[in-house]
Every structure is written in structure tokens, then in C-alpha cells.
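Dear colleague,

Please find below the structure that I am handing over to you. My account of what was found in it follows directly after.

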Amino acid sequence: MTAADVLVALALAAVAFVLRVAVHAGREPGGVDSWYCLAYADALRRRPRLRVELPQYLLQDRVQSYPPLFPWVLAALPRGWLARSFWLVSPAFDCAHLLLLYAVTHRITASTTVAALSAAVYAVVPHLVSETRSLSARSFSSLVLTLAVLAMLKHVALDGGWVWLLAALLAGGGVFLASATAAGAYGVAAAALSLKGGDPRYLLVVAGAFVTALVGSRGLLLDVLANYAHAIRFWRRHRARYGAHTVHHSPLYGRPDAGAPPADTGPLGGARAGRLLRLLGENPFILALPLAPPGLPPIGTAMSTWAYALTALALAVTLVPALRGLGPGRNYVKTAIFPTAYTLGVAVGHPSHLGSPVGVATLAGIASSLAGVAAFIVYTRRRRTEHTAAVPPGLRAAVERLRGLPGDGVFCLPLSYADYTTYHSGKSVLWGGHCGDLRALASVWPVLSEPLPDLFARYGVSYLLLDSRFASREELRLDDLRLVGAFDGVELWELANH
């Protein structure tokens, strides 16, 4: 690889990085999972151990069974830098993934054009841009998954020997400790490769990786697997209310004009059609992939098999009701992007082939992806409440006021404000959902299903933090409250009997 090749790779990574951080321009970065990950890392720094306790989350298990690999990585970073620059971490891992794609593609094809096209596809996928708006394990776990599959291919398909077997076992073990989505995709990819090539060694490597993770985590992996089972049971029980408004669709506090929560109806109708359209919107290259012929064996065929298998997984979880407990299908999109981008780059091969069906579909995918990224940024920046990328000024001001008040226990609406509130105020929150037995969470999510006074008394809640654009105090039917302050639409109330 020449210096010019390196410059091309860095330029594409720079474009990808700008697309991923543009949503934060001029605003304080936030994110749904950011504060939980930071709290987990802080707890590890204070007391390094395998089983971490976060007692501030009142509606989940005290001992965390969240996949621990990503928090371990965060805990190794300087706390001061991470507190200021956490919003750079996910984009950085995703851009490292892009550079890996460029390097692998260039190494296999010896073509700067093919490598650049593959990296360009990866750079603009809307799902990857939206996934990096907050600090989470998703981009990191996708990178670990790719490293694990590549090492497995090197060992099995290219007879790489015991060194690559060791690398495959270590990286594969990391997948099991990084993410449920990545772990499921890892098993599906290995099964597809074994079936395609008639070689059980792919599945044997996965089994060895599982043992590696089990032994290396001293049994913590079993808690992580139990955590997956809890999540699946919870979503199967509550999938009819996925996407519902916490208050307006509540059986206790709901509004007559709220309408019904999104329904799961028809083979391709109703909400299912919407999910399919969203899946295609987040990765338009799904439509181009079937036009790409399989690459030359063994690596080209393995890459396309990997891409087809994980794209099929994303589609199946989106369309098959019985699989919806595994989470939204779009969560599996990221696991297929690396082999999809490689397959499309190799299929086009040369600028003169851009007029071929796969070339036209790939260019159309790039164009629609850029439009999708622009729409995502505009939509996110125009949201009035339930912010998923930035910290609303009113929330910051309310939490600063809350920090100096006596007592403990806060209930936040929308619930997406809870992680920020507990991290920055030091108070516990009536929230959970990150891990463990989630039955207690059903009292507040997806919809409020128990009277708030009963919940407040049971968990010792002293304060209500309410975004008035999300719901009003009158809708909650709470009279025993004293207004502490209103901050740009975010109200802080104290329970009168506190």
C-alpha cells in the first residue's frame, strides 16, 4: 500500500467521521446509553472487579449483567478526557472499522479503486451514522465481530494455522462479552459459512470462543446470557407496545385521542411495512447486494455468504413476529455492513462497470444514503423532546438545581432523561432496563402501568423531573407536588410529603 493509498483511506475516514459527528454541531452531545456506560466505567475505576454494582438504578438488578467488554475498555481511558470527549468514542471505533475494511479489501484485491468504493459504501450507511450519535457498545462490538470472523476465515478458509486459531478464539470470546446482537450475528455467520462450505470448523471455532469467554470472565458470561434471556422475555411480553408513548398510551394515564400503539399486522402491512421501509432506509445497499455475484473463492465466496446471512437475519427479525423478541431488525444491520461493502466494491470492480446493474444500484445506494443521513440530522436537531443525541439546555439546568437538593429518588419523563439525571446529580432514578430481570421495569415502560403515588412510595422517590413538551403534570394526576423550578420547558417538582 502506497502513501497515496493511505491518504485515500484517511480522506474517506475523515468524511465518515464528519458525517457521524455533524449531529452534535453547536450542541452539547448526549445520547441514550452514554451516561450508563460512563457510570459503569466509573464504578470499575473505583473498584476493579468482574461484577459491578450500580445501585442508583432502582428498576434493575443491583449487580450488572450488561456485556462487560466495552465498559472495561472505557475504564482504561482517562476519566477526564472521557467525560469531555465521550461523544468521539463511537465514531472513532466506526471509522477504525472503515479503515480495516479499506486495508483488507486493498490487501485482497490490490486495487485502490475497489478498496475506496467499499470504504465509501461503509462511510455513508445511514444506520452507522445514527448508531454513533451516543456512547454505546454497538460500534465497538461490530468491530470485534468483524475481527473475529476475519480471524476465523484466515484459520479455516486459508489454513492460517494455530496463531490464527488463537486469534479467532480470543476475538470470538470478545464478541460474546461485547454485545447480544453481535453474539447472535456471530453464530449465524458461522452457521452459514459451515453450511456453504460443508466445513464444521467454523461452528467449532464459535464453540471454542464461547468456552474462552466463559473461562476468561470467570463465569460472568452466564450472567450475561441470562441477561439476554430476560430481555427477550420482556420484549416478547411487551412487543405490542413497542414505540408507545409512556403516558399517552398508558392504561392508567392515557389520552383518548392518543390512538393505539404501533400494531404488528399483516404479512407486509401495517407496522411491519413501516419497519421494512425503515430497515431499507437505514441500509439501502440491501437492494444492491442480490445483484452482486459471489466473489472468487475462498474469501470472496465467504464474504458474500457472510453478507447474505446477516442481511437475511436483519430481514427475518424485522418481518417474522416470533423473532421480534430478539430486538428491532435494524439492530442487526451493522453486523452485515463490512462484508456487504466488500462484496459490492469487488462486484463493481472498476469505474467502467458503474453502468452495470450492481454498479447502478450501488451508486443509487450511496445517493439515497446521503439523503437519509441529511434527513436524520435534520430530524434529530428539530426534535422538541425525547432528545437522543444532545442534552437539552433545560435538562442540564434542572439537573444542576437537583444536584444540590436533599433527598434521593427521581422519576424522569421522558424516561430517556433518567441516565443523564442520575449520572450528573448523583441521585437514584426510577429507571433500569440496561440489564437483569426487567419485570420491575414494566411498571413504567413501555407505558405507565402502575399508579405513580404507589411507585413513588415503594421506591422512595422525592422528585419528578418532567419535560412539559412530553407530558403535563395534569396528565399525571399528581397534586401533592411543589414546583422547584422550570428550566426552558423542563420542570423540577418535589413531592410535598418529602
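How many nonpolar, polar and charged residues does the lining of the second largest pocket have? There are eleven nonpolar and two charged residues in that lining, and no polar ones. Please bear in mind throughout that this is a predicted model.

The second largest pocket

The space in this second largest pocket amounts to about 410 Å³. Its lining is made up of 13 residues, and those nearest the centre of the pocket are Val104, Arg107, Ile108, Lys154 and Leu158. Three helices, α5 (89-109), α8 (138-156) and α14 (299-319), each contribute at least two residues to the lining. Of the elements involved, α8 gives the most, namely five residues.

In the loop between α8 and α9 (162-176) lies Asp159. The phi of Asp159 is near 50 degrees, which is a positive value in a residue other than glycine. Asp159 counts as exposed, because its relative accessibility is 59% and the threshold for that class is over 50%.

The chain as a whole

The chain contains 20 helices and four strands. For 498 residues, a compact globule would be expected to have a radius of gyration near 23 Å, and the 23 Å of this chain agrees with that. Along the principal axes, the C-alpha atoms fill a box of roughly 70 × 50 × 45 Å. Buried residues account for 54% of the 498 residues. If one takes the contacts between residues at least 6 apart in sequence, 73% of them join residues at least 24 apart. The accessible surface of the chain is about 19900 Å², with 64% of it belonging to carbon and sulfur atoms.

Helix α18 and its surroundings

Helix α18 (residues 418-425) is largely enclosed by the rest of the structure, because six of its eight residues are buried. The buried residues are Ala418, Asp419, Tyr420, Thr421, Thr422 and Ser425. They pack against two helices, α2 (34-46) and α17 (393-403), and against two strands, β1 (410-413) and β2 (463-467). Just after α18 comes Gly426, with a positive phi of about 80 degrees.

The loop between β1 and α18 holds Pro414, and the peptide bond that joins Leu413 and Pro414 is cis, with omega about 0 degrees. A cis peptide bond also joins Trp445 and Pro446, where omega is about 10 degrees. Pro446 is placed in the loop between α18 and α19 (452-459).

Cavities

The search of the whole structure yields four cavities of 30 Å³ or more. The largest cavity has a volume of about 70 Å³. Tyr420, one of the buried residues of α18, is also among the residues that line the largest cavity. The other residues of this lining are Gly30, Gly31, Val32, Trp35, His387, Ala390, Val391, Pro392, Leu395, Ser416 and Tyr417. By class, the lining of the largest cavity comprises eight nonpolar and four polar residues, with no charged residues.

The second largest cavity has a volume of about 60 Å³. Its lining is formed by Trp235, Arg239, Tyr242, Arg324, Gly327 and Pro328. These divide into three nonpolar residues, one polar residue and two charged residues.

Further local points

Which residue in the loop between α20 (473-476) and β3 (481-487) deserves a note? It is Arg477, which has a positive phi of about 55 degrees although it is not a glycine. Arg477 is exposed, with a relative accessible area of 52%. As background to these backbone values, most residues other than glycine have a negative phi, and most peptide bonds are trans.

Finally, Pro55 is situated in the loop between α2 and α3 (69-75). With a relative accessibility of 39%, Pro55 counts as partly exposed. Pro55 and Leu323 are 268 residues apart along the chain, and their C-alpha atoms are separated by 32 Å.

With kind regards

Definitions and conventions
Residues are numbered from 1 along each chain as its sequence is written. This is a predicted model: local features need pLDDT of at least 70, side-chain atom pairs count only at pLDDT 80 or more; totals for chains, interfaces and linings use all residues. Side-chain values use heavy atoms; hydrogens and water are left out. On a 1 Å grid over the protein atoms alone, a cavity is a set of points where a 1.4 Å probe fits but cannot get out, and a pocket is an open set with protein on both sides within 12 Å along at least five of seven lines; lining residues have an atom within 4 Å of a point. Grid points are joined across faces, edges and corners, and a volume is the space filled by probe spheres set on the points. Ala, Val, Leu, Ile, Met, Phe, Trp, Tyr, Cys and Pro count as nonpolar, Asp, Glu, Lys and Arg as charged, and the others, Gly among them, as polar. The radius of gyration is taken over C-alpha atoms; the globule rule is 2.2 Å times the number of residues to the power 0.38. Buried means under 20% relative accessible area, exposed over 50%, partly exposed in between (1.4 Å probe, protein chains only). Contact means heavy atoms within 4.5 Å. Accessible areas come from the Shrake-Rupley method with a 1.4 Å probe; for residues, only the protein chains shown count as cover.
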